[in-house]
Each structure stands twice: as structure tokens, then as C-alpha cells.
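Colleague: I should like a close look at a single part of this model. Please take one residue, describe its surroundings, and then place it beside the cores and the cysteines.

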Amino acid sequence: MPAPLRHLPIPPTKFVSANCGGRLSGFIDVAGQRYDVTGAPAMQSHFWGPKNVVGWSWGHCSNFREDPGFVFDGVVAVDKLAGMTMKPLSIFFFRMDGVTYECNGLITALLRNSSERGLEGWRFTAHAGDLVFRGEVVARPEEMNLWIHEDPDGATRNGHITCTADYRIDVLCRENGGLRLIRTVTAPRTGIYEITLPAPDPRVAHRHPTHLIAVSS
């Protein structure tokens, strides 16, 4: 997240992605069922704080068909200050050809990057120097799960999440006063997308039986 906000009370949720993309080998044991994985796309992220922000969208994909080394991670965070909704923070990370592009400066996150999001998908634009990343995410409500994120004070956020979203990202370069498309990557049904809503959407039939607890340190 933007450096000026890391040590301020606003937003109350702090987050970091220690490893935005890589490969994982080993096994996962769920309810006595073992799942072996070899070279599976993976990432490592963490958020903490005394309270969740009012709402957010989060997406991740590191399994693009045209370029296995391409990585995307992004979040849009919405919060309130003195009862008024603040301008969303739109923060994005890309890895392309081994180069990291962190579109997370305060001015970039507040004014240059943009997002349009809903339960069925997300469109975003991110800026990094002469490069512009334009993304489109398509989600299917019937394939989503509801996660209840609970604050220490009992307040909840209704997170709707899928691991079968479609991703398309166009990479453009500023040139001669315009934009030239230099790459397009796609990931059919292999991306993560989450969005919080004021109430559970009835189209999301799957309900996770546990809560994600935000614990203050």
C-alpha cells in the first residue's frame, strides 16, 4: 500500500503481499483428504489491523495462458473518514518479463488508477511510467463462495470470492501521443476475484461455514 498510509490510522486495514507470484509444491490436507501439488501458481499475502475497511475488491492471477511468468495482484479499498466515504485506493502489481511494476504510489492509487467493479466482474486501468495496464475480470456468481469477515467489535463484511474468474490484461505503451498495444494475456477460469457487498448476494449459493477473523495486534 502507499508508503504514507502505512503508519497512519486511515485506512485501519494494512496489507502486504510478501510474494505476489511463484510456484508451490507439496500437499494440502483438508478434512482428511490430501491434495498433492507440484509447481502450482501461488502467492502470499497478509492483512491486519483493528478493523476492516468499509469494502474492497481483490484479485490475483499468475496462471496466464500466453505468458506463465506474468503475474497480477490488485486491490481496491474503500473507507470512511468522519462518516464520509473516501476516494477508493486502487493499488496494482504486475510482473512481466521478470520486471516488477508496482502501481501503488499515493497519487497513482488515488487519481491515476481506476476501477469499475461489481459481483460479476471488474475493469481496471493501472499506470506505471510509460506503460498502461487495462484489465477485465469476469466472475460467475454461481461459482462464488461467501466468506464472512468479522471485526473484533463484531461488525462483518460479506466477501464474495471465486477462484474460477476469467482474466484479460492488455499492456499498452505510450508512443507518439497515443497508446500502442504491446501484449495481451488471458487466463480462462484460473483467476481469483473477491468483492465485499453490504449484504450476501442471493445468487451466491455457496456459504462457507467459518469466519475469517481480523485480530488486532
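Modeller: In this predicted model, the side chains of serine 62 and histidine 60 are joined by a polar contact of 3.4 Å. Serine 62 belongs to the loop that runs between strand S3 (55–61) and strand S4 (71–78). Its relative accessibility is 4%, and because the limit for a buried residue is under 20%, serine 62 counts as buried. Beyond its neighbours within four places in sequence, serine 62 is in contact with Arg23, Pro41, Ala42, Pro68, Phe70 and Val71.

One of these partners, Phe70, leads to the nonpolar interior. The largest nonpolar core has 32 residues, and Phe70 is among those with the most contacts inside it, as are Phe64, Phe72, Phe94, Phe133 and Ile169. The elements that give two or more residues to this core include S4, strand S7 (89–96) and strand S13 (156–175). S13 gives the most, with five residues. A second, separate core of twelve residues includes Met1, Trp58, Val75 and Ile161.

Phenylalanine 94 also touches Phe70 and Val71, and among its other partners, leaving out residues up to four places away in sequence, are Phe133, Ile169 and Cys103. Cysteine 103 is buried, with a relative accessible area of 1%, whereas cysteine 163 is exposed, at 52%. The cysteine sulfur closest to that of cysteine 163 is in cysteine 61, and the distance of 11 Å is too far for a bond. The count of disulfides in the model is zero.

Key: Residues numbered from 1 in each chain as written. Predicted model: local features only at pLDDT ≥ 70, side-chain atom pairs only at ≥ 80, totals over all residues. Heavy atoms only, no water. Helix = DSSP H or I, 4+ residues; strand = E, 2+ residues; numbered from the N terminus. Buried < 20%, exposed > 50% of the residue type's maximum accessible area, 1.4 Å probe, protein only. Polar contact = N/O pair within 3.5 Å; in protein donor to acceptor, adjacent residues only side chain to side chain. Contact = heavy atoms within 4.5 Å. Core = buried A, V, L, I, M, F, W, Y, C linked by side-chain atoms within 4.5 Å. Disulfide = S-S within 2.5 Å.
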